[in-house]
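Dear colleague,

I am handing over to you the structure discussed in this message. Please open it and keep it in view while you read the notes beneath it.

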Amino acid sequence: MNNLIAADVMTTPVLTVPDDWGMDQLASYFVDKNISGAPVTDATGHLVGVVTMTDIVRHSSMPLSQDEARDTHEYYLASSGRLYTDEEMDAQIADRARYASDMVEPNFVKIFLDGTPEGYQVPFVEPYSDGSGEHGLGKFSPAELQDIVADFDAQGIATFMHAVGDGSARMALDAIEAVRERNGDSGIRHRVAHLVLAAQPASVDDCIVNTRRRGCRIR
Ligand SMILES: [Zn+2]
């Protein structure tokens, strides 16, 4: 360390803040004045404490709003820290060999087809039992999902489709089937993940036969 003492590096004059300021007001004041903390005074001007940027950060992380939480995709990306742009994701995919090792094969992507059943965010084959007649709405239309899976398939990337509802699972299998027809059999194994509910195929034999010919269709 050098020989400076506190008196050499401190900021003067002393800028105090009132004890009734909110976090936003404190933050913009600190930025404005280029300081990272300040003594706090009460209504009578008495020194009652110290507040710093660390305190603001610690008490400022807001929970996601109900609306934000509804969108699974946004929710997971937001809770992992930040949102990636399409360009950033394309760049990561193009650069994926960099992340490969004996233990890691960076050749798949996860796609959320649905969210949680509250608020009809999960597609089911049968309508919801509340009499609303709703079947639930997923993240993609069947045509959109087929395009997405076909695109990754063509790049040699397997998809990992998160599907809670049997409607989503069916859409995933239909997409795989359509992509096999469109791209030919790439040998890439696309998957339905975190499956909670699947409608039964008519029979196991039917499923096996269809798998060989054109993919197992859940009905
Ligand atoms: Zn999942």
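The notes below describe what was found in this structure, beginning with the whole chain and then turning to its parts.

Please bear in mind throughout that this is a predicted model. The secondary structure of the chain consists of nine helices and six strands. Of the 219 residues in the chain, 18% are buried. Among contacts between residues at least 6 apart in sequence, 60% join residues at least 24 apart.

I begin with strands 4, 5 and 6. As general background, the strands of a sheet pair through backbone hydrogen bonds, in either a parallel or an antiparallel sense. Here, strand 4 (residues 108–112) pairs with strand 5 (residues 158–162) in the parallel sense, over five bridges. Within this pairing, Val 109 has Thr 159 of strand 5 as its bridge partner. Between these two strands the chain passes through helix 7 (residues 142–154), and the resulting β-α-β crossover is right-handed.

Strand 5 also pairs with strand 6 (residues 191–193), again in the parallel sense, and this second pairing has three bridges. The bridge partner of His 162 in strand 6 is Ala 193. A right-handed β-α-β unit is formed by strand 5, helix 8 (residues 166–183) and strand 6.

Helix 7 merits a description of its own. Its 13 residues reach 18 Å from the first C-alpha to the last, which is close to the 18 Å expected at 1.5 Å a residue. Which residues of helix 7 are buried? They are Leu 145, Gln 146, Val 149, Ala 150, Phe 152 and Asp 153. Seen down the axis of helix 7, these buried residues fall within an arc of 165 degrees, so they line one face of the helix. It is useful to recall that an α-helix has 3.6 residues a turn, so residues three or four places apart point the same way. On the other side of helix 7, Ala 143 and Glu 144 are exposed. The cover over the buried residues of helix 7 includes strand 4, strand 5 and helix 8. Just after helix 7, Gly 156 adopts a positive phi of about 80 degrees.

The next point is the nonpolar core. The largest one has 20 residues, and those with the most contacts inside it are Leu 113, Val 149, Ala 163, Ala 172 and Ala 175. Strand 4, helix 7 and helix 8 each supply at least two residues of this core, and helix 8 gives the most, with seven residues. Leaving aside neighbours within four places in sequence, Val 149 is in contact with Thr 159, Ala 175, Ile 176, Val 179 and His 190.

Finally, there is an open sheet of three strands, in the order 1-2-3 and with mixed pairing. Its edge strands are strand 1 (17–18) and strand 3 (47–52), each of which pairs on one side only. Strand 1 pairs with strand 2 (residues 37–41) in the parallel sense over two bridges, and Pro 18 stands opposite Thr 41 of strand 2.

Strand 3 contains Gly 49. Is Gly 49 buried or exposed? Gly 49 has 11 other C-beta atoms within 10 Å; because a residue counts as exposed at 12 or fewer, Gly 49 is exposed. The C-alpha atoms of Gly 49 and Val 17 are separated by 9.9 Å, although these residues are 32 residues apart along the chain.

With kind regards

Conventions:
Residues numbered from 1 in each chain as written. Predicted model: local features only at pLDDT ≥ 70, side-chain atom pairs only at ≥ 80, totals over all residues. Pairing = 2+ DSSP bridges. Helix = DSSP H or I, 4+ residues; strand = E, 2+ residues; numbered from the N terminus. Right-handed = clockwise from strand over helix to strand, strands pointing away. Expected span 1.5 Å × (residues − 1). Arc of directions from axis to C-beta. Contact = placed C-beta atoms within 7 Å. Core = buried A, V, L, I, M, F, W, Y, C linked by C-beta atoms within 7 Å.
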